[in-house]
Amino acid sequence: MSTRVVLATTVSACLLAAGLGPAVAADDRSDGSPAIEYTQTSPLSGDAEPPIATVPIAGAEILTTDESSQDSISVSLPGTPALPEDVDLSGVPAGLFHGDDAPLVSTALPDASVTAYATEYGSQSIISIEGEAAPHEYRFDLDLPSGASAEVNADGSVRIVDVDGQPLGLVQVPWAYDANGAKVPTSFSLAGSQLIQTISHDASTAYPVKADPSIQWIPWPVLAVWGAEIKAFSSISVALAAGGSWAGCTFSRLSGALSKIVNQICTVVGIAGVKGVVDAVASVWGPSYINSNTCYGVPLYNPRGGLATMPARDCW
């Protein structure tokens, strides 16, 4: 369960959070401060670890579970189960692989293979295409929580939402690179309960090709902000680096909209964690990825892990 914190200012940002303390009803505030509704009494810490676990289960299936809610997302890899082996990531730009430890599951297909790894917030499957005879479509069976659904976003990612339309997971924008490090066209589509990654390799492609569907849980809390505000994170980062005095969660070098955004982040991750969140967003999510008029959700415990497209109402 999650609730919204809507800022009572011209800044269009809100925090979707659970576990922050006692509820404060709108009628209880007499100082004009925003109404903040929380759902649990145990506070979150900037050092808290999101309870996300990914494990292999029968055959070619992996299961990602949020151990706090017991919600889970199951993914079945295409192909015939095979002995898991580490993937050679030559040609893949640095920073795109986030797998933890040894591979969980591998499958074999004609002239191709798929290998899944656990990540901090979900799973990453690496498709290895060895030649022109390999398939162009790779179908991953999804088993979502009851009432949840998936849809393709305008940027090519896929968001997974619960029965109330709140984000549960994100399949990040797909990528594919050939043996020379050149991009290979790739995209996602959905057919029933299947996530389909289409990879446009042909006789002119330098094999092997590596491609990636990365399915990430979106752990609460999530900061919901407009794309235009995410673009302002670089200026927030500069201001934080310049120093200043803190009073609670108020930073002296920030004012207005930027101050309100930082205050919302600080409420959850604490003063020590604010700069890490801001720096991560500023360094990863550049203007080419962001639509100023789209509402995005930033997972505060994994700001590099993917932005979810949010309903516009969450950013008002």
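Q: Which residues line the largest cavity?
A: This is a predicted model in which local features need pLDDT of at least 70 and side-chain atom pairs count only at pLDDT 80 or more, while totals for chains, interfaces and linings use all residues. Residues are numbered from 1 along each chain as its sequence is written, and side-chain values use heavy atoms, with hydrogens and water left out. On a 1 Å grid over the protein atoms alone, a cavity is a set of points where a 1.4 Å probe fits but cannot get out, and a lining residue has an atom within 4 Å of a point. By that rule, the lining of the largest cavity consists of Thr64, Ile73, Val75, Tyr121, Gly122, Ser123, Ile215, Gln216 and Trp217.

Q: Which element supplies the largest share of the lining of the largest cavity?
A: Helices (H or I, at least four residues) and strands (E, at least two) are DSSP runs numbered from the N terminus. At least two lining residues come from each of β5 (71-76), β9 (122-129) and β18 (214-217). The largest share, three residues, belongs to β18.

Q: What is the volume of the second largest cavity?
A: A volume is the space filled by probe spheres set on the grid points, which are joined across faces, edges and corners. Searching the whole structure gives two cavities of 30 Å³ or more, and the largest has a volume of about 40 Å³. The second largest, lined by Val75, Ser123, Ser125, Phe140, Pro213 and Ile215, holds about 30 Å³.

Q: How many charged residues are in the lining of the largest pocket?
A: A pocket is an open set of points with protein on both sides within 12 Å along at least five of seven lines, and the largest one has a volume of about 920 Å³. Its lining has 34 residues, of which Leu96, Gln172, Val173, Trp175 and Trp285 lie nearest its centre, and β14 gives the most, with three residues. Ala, Val, Leu, Ile, Met, Phe, Trp, Tyr, Cys and Pro count as nonpolar, Asp, Glu, Lys and Arg as charged, and the others, Gly among them, as polar. Sorted in this way, the lining has 15 nonpolar and 13 polar residues, and the number of charged residues is six.

Q: How are helices α2 and α3 oriented relative to each other?
A: Axes are lines fitted to C-alpha atoms, for helices over the stretch in contact, and angles run from 0 to 180 degrees between N-to-C directions. The axes of α2 (residues 233-241) and α3 (residues 256-269) come within 11 Å and cross at roughly 80°. Angles under 35 degrees count as roughly parallel, over 145 as roughly antiparallel, 65 to 115 as roughly perpendicular and the rest as oblique. The crossing angle therefore makes α2, relative to α3, roughly perpendicular.

Q: Which residues of α3 make the contact with α2?
A: Contact means heavy atoms within 4.5 Å. On the α2 side the contact is made by Phe233, Ser235 and Ile236, and on the α3 side by Leu258, Ile261, Val262 and Ile265.

Q: What is the relative accessible area of Phe188?
A: Phe188 has its place in strand β15 (residues 186-191), and its contacts beyond four places in sequence include Val152, Leu195 and Pro213. Buried means under 20% relative accessible area, exposed over 50%, and partly exposed in between (1.4 Å probe, protein chains only). Phe188 counts as buried because its relative accessible area is 8%.
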